[in-house]
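Please look over the sequence and the model shown here before reading on. The report is meant for someone who has not seen this structure before.

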Amino acid sequence: VTYTNFVSALLANQCTGCHSGANPSGNLKLTTYDEAKASAQSGKLYGSVAHLQGFVAMPQGGQALSPCFVKKIKAWTDAGMPQ
(Lines give C-alpha, C1' and ligand atoms only; values in the text may rest on other atoms or scores of the structure.)
Protein backbone atom coordinates (compact mmCIF):
# COMPACT_ATOMS: atom_id res chain seq x y z
CA VAL A 1 0.00 0.00 0.00
CA THR A 2 1.43 3.38 -0.98
CA TYR A 3 0.20 6.94 -0.87
CA THR A 4 0.05 7.08 -4.65
CA ASN A 5 -1.75 3.80 -5.26
CA PHE A 6 -4.31 3.95 -2.45
CA VAL A 7 -4.09 6.55 0.30
CA SER A 8 -4.38 9.67 -1.87
CA ALA A 9 -7.60 8.45 -3.55
CA LEU A 10 -9.11 7.42 -0.22
CA LEU A 11 -8.35 10.80 1.34
CA ALA A 12 -9.70 12.63 -1.73
CA ASN A 13 -12.94 10.64 -1.61
CA GLN A 14 -13.47 10.53 2.15
CA CYS A 15 -11.53 13.29 3.88
CA THR A 16 -10.62 16.36 1.87
CA GLY A 17 -14.18 17.61 1.68
CA CYS A 18 -13.60 18.81 5.25
CA HIS A 19 -9.81 18.62 5.60
CA SER A 20 -8.70 21.05 2.89
CA GLY A 21 -8.84 24.71 1.98
CA ALA A 22 -8.19 27.81 4.02
CA ASN A 23 -10.12 26.64 7.11
CA PRO A 24 -9.84 22.85 7.31
CA SER A 25 -11.84 21.01 9.95
CA GLY A 26 -9.80 20.52 13.10
CA ASN A 27 -7.10 22.66 11.52
CA LEU A 28 -5.97 19.49 9.74
CA LYS A 29 -5.29 19.41 6.01
CA LEU A 30 -5.00 16.08 4.20
CA THR A 31 -4.48 17.25 0.63
CA THR A 32 -0.80 16.38 0.13
CA TYR A 33 1.51 13.48 0.87
CA ASP A 34 3.36 15.50 3.52
CA GLU A 35 0.11 16.43 5.30
CA ALA A 36 -1.13 12.82 5.26
CA LYS A 37 2.25 11.52 6.41
CA ALA A 38 2.33 13.97 9.33
CA SER A 39 -1.15 12.87 10.40
CA ALA A 40 -0.15 9.22 10.14
CA GLN A 41 3.07 9.77 12.09
CA SER A 42 1.15 11.41 14.92
CA GLY A 43 -1.24 8.45 15.09
CA LYS A 44 -4.25 10.65 14.37
CA LEU A 45 -5.03 9.28 10.91
CA TYR A 46 -5.28 5.63 11.92
CA GLY A 47 -6.76 6.36 15.35
CA SER A 48 -9.53 8.43 13.81
CA VAL A 49 -10.47 6.10 10.95
CA ALA A 50 -10.25 3.04 13.23
CA HIS A 51 -12.47 4.80 15.81
CA LEU A 52 -9.97 4.16 18.60
CA GLN A 53 -10.62 5.54 22.06
CA GLY A 54 -9.14 9.00 22.53
CA PHE A 55 -9.55 10.01 18.87
CA VAL A 56 -12.36 11.78 17.05
CA ALA A 57 -14.08 9.12 14.92
CA MET A 58 -13.85 9.89 11.21
CA PRO A 59 -15.45 10.52 8.89
CA GLN A 60 -17.37 12.66 11.35
CA GLY A 61 -21.11 12.34 10.88
CA GLY A 62 -20.59 9.83 8.08
CA GLN A 63 -20.43 6.11 7.63
CA ALA A 64 -17.29 4.47 9.00
CA LEU A 65 -14.71 3.34 6.49
CA SER A 66 -14.78 -0.33 5.57
CA PRO A 67 -12.57 -2.61 7.68
CA CYS A 68 -10.51 -3.26 4.52
CA PHE A 69 -9.77 0.47 4.09
CA VAL A 70 -8.87 0.82 7.77
CA LYS A 71 -6.48 -2.14 7.50
CA LYS A 72 -4.84 -0.56 4.45
CA ILE A 73 -4.29 2.71 6.34
CA LYS A 74 -2.71 0.69 9.16
CA ALA A 75 -0.53 -1.22 6.68
CA TRP A 76 0.58 2.04 5.04
CA THR A 77 1.46 3.56 8.40
CA ASP A 78 3.27 0.43 9.61
CA ALA A 79 5.28 0.31 6.36
CA GLY A 80 6.63 3.80 7.01
CA MET A 81 4.12 5.71 4.84
CA PRO A 82 5.67 5.00 1.43
CA GLN A 83 4.88 7.56 -1.20
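The sections below cover the overall fold, the nonpolar core and the salt bridge of this predicted model.

## Overall fold

The chain contains 4 helices and 0 strands. Read from the N terminus, its elements follow the order α-α-α-α. Helix 1 covers residues 3-14, helix 2 covers 33-42, helix 3 covers 44-49 and helix 4 covers 67-78.

The C-alpha trace spans about 30 × 25 × 20 Å along its principal axes. The chain has a radius of gyration of 11 Å, which agrees with the value near 12 Å for a compact globule of 83 residues. Among contacts between residues at least 6 apart in sequence, 53% join residues at least 24 apart.

## Surface and interior

How much of the chain is buried? Buried residues account for 31% of the 83 residues. The area that the chain exposes is about 4900 Å², and carbon and sulfur atoms supply 51% of that area.

## The nonpolar core

In soluble globular proteins, nonpolar side chains tend to be buried together. In this model, the largest nonpolar core has 17 residues. The members that touch the most other members are Tyr-3, Val-7, Leu-11, Leu-45, Ile-73 and Trp-76. Each of the four helices, from helix 1 to helix 4, supplies at least two residues of this core. Helix 1 gives the largest share, with 5 residues.

Val-7 can be followed in more detail. Which residues does Val-7 touch, not counting those up to four places away in sequence? They are Val-1, Thr-2, Ile-73 and Trp-76. Of these, Ile-73 and Trp-76 are also listed with Val-7 among the core residues that touch the most other members.

## The salt bridge

Side chains of opposite charge can pair when their charged atoms come close. The structure holds 1 salt bridge. It joins the side chains of Asp-78 and Lys-74, with an N to O distance of 3.1 Å. Both residues belong to helix 4, where Asp-78 and Lys-74 are 4 residues apart, about one turn of the helix.

Are the two partners buried or exposed? Asp-78 has a relative accessible area of 54%, so this residue counts as exposed, the cut-off being over 50%. Lys-74 has a relative accessible area of 33% and is therefore partly exposed, as this value lies between the 20% and 50% limits.

Definitions and conventions
Residues numbered from 1 in each chain as written. Predicted model: local features only at pLDDT ≥ 70, side-chain atom pairs only at ≥ 80, totals over all residues. Heavy atoms only, no water. Core = buried A, V, L, I, M, F, W, Y, C linked by side-chain atoms within 4.5 Å. Buried < 20%, exposed > 50% of the residue type's maximum accessible area, 1.4 Å probe, protein only. Contact = heavy atoms within 4.5 Å. Salt bridge = Lys/Arg side-chain N within 4 Å of Asp/Glu carboxyl O. Rg over C-alpha atoms; globule rule 2.2 N^0.38 Å. Areas by Shrake-Rupley, 256 points an atom, 1.4 Å probe, with all protein chains shown as cover.
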